[in-house]
Amino acid sequence: MSHDIEYSEKYADDDYEYRHVILPKHISKTAPKGRLLTEAEWRGLGVTQSRGWGHYAMHKPEPHILLFRRPIGTDAVTGLCNGKRLDATGKVIG
């Protein structure tokens, strides 16, 4: 169940806000392996968080831990940063 998913507190550097999400084994087994997940994929696993987050890196020793970030200043409702949609690398998309 998605209520078994654990969410870290947010932490930040000068450019990004970060958080990590720990999937329980029964959910992790169904996740795509060996690549970053799209927003639709991680939401499909039951991960719930405000808009603008991107899965930006994998922690190979612990693939059940998803690493997310979004640019500082991202609007949590629209997912936009300074009026622009950015991917997890900070590049403008769409």
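Me: A salt bridge here is a side-chain nitrogen of Lys or Arg within 4 Å of a carboxyl oxygen of Asp or Glu. By this rule, what does the count come to?

Reply: A heads-up before the count: this is a predicted model, where local features need pLDDT of at least 70 and side-chain atom pairs count only at pLDDT 80 or more, while totals for chains, interfaces and linings use all residues. Residues are numbered from 1 along each chain as its sequence is written, and side-chain values use heavy atoms, leaving out hydrogens and water. Side chains of opposite charge can pair when their charged atoms come close. Going by the rule, the number of salt bridges is three.

Me: Which residue forms a salt bridge with Glu-39?

Reply: Look in helix α2, where both partners lie, four residues apart or about one turn of the helix; helices (H or I, at least four residues) and strands (E, at least two) are DSSP runs, numbered from the N terminus. Glu-39 has 35% relative accessibility, so it counts as partly exposed, on a scale where buried is under 20% relative accessible area, exposed is over 50% and partly exposed is in between (1.4 Å probe, protein chains only). With the closest N and O atoms 2.8 Å apart, the partner is Arg-43.

Me: Glu-17 sits in β3, so which strand holds its salt-bridge partner, Arg-70?

Reply: The closest N and O atoms of Arg-70 and Glu-17 are 2.8 Å apart. The pair ties together parts that are 53 residues apart in sequence, because Glu-17 is in β3 and Arg-70 is in strand β5. Both residues are buried. β3 runs antiparallel to the strand in question over seven bridges, and that strand is β5.

Me: Is strand β3 largely enclosed or open, and how many of its seven residues are buried?

Reply: β3 has company: strand β1 (residues 6-7) pairs with it in the antiparallel sense over two bridges, and so does strand β2 (residues 11-12), pairing meaning that DSSP finds at least two bridges between two strands. A hairpin of three residues joins β2 to β3. The strand is largely enclosed by the rest of the structure, because the number of its residues that are buried is five.

Me: Which residue in β5 stands opposite His-20?

Reply: β3 has partners to check off along its length. Val-21 is the bridge partner of Tyr-7, and Tyr-18 stands opposite Tyr-11. Across from His-20, in β5, is Leu-67.

Me: How many residues does the largest nonpolar core have?

Reply: Nonpolar side chains in soluble globular proteins tend to be buried together. A nonpolar core here is a set of buried Ala, Val, Leu, Ile, Met, Phe, Trp, Tyr and Cys residues joined through side-chain atoms within 4.5 Å. Its members include Trp-53, Trp-42 and Phe-68, and Trp-53 touches both of those others (contact meaning heavy atoms within 4.5 Å). The size of the core is twelve.

Me: Which backbone nitrogen does the side chain of His-55 reach at 2.8 Å?

Reply: His-55 is in strand β4 (residues 54-58), and at 7% relative accessibility it counts as buried. One polar contact (N or O atoms within 3.5 Å; within protein, one able to donate a hydrogen and the other to accept it, and residues adjacent in sequence counting only if both atoms are side-chain atoms) takes its side chain to the backbone oxygen of Ala-57 at 3.3 Å. The backbone nitrogen at 2.8 Å belongs to Leu-37.

Terms used. Lists of a residue's contacts leave out its neighbours within four places in sequence.
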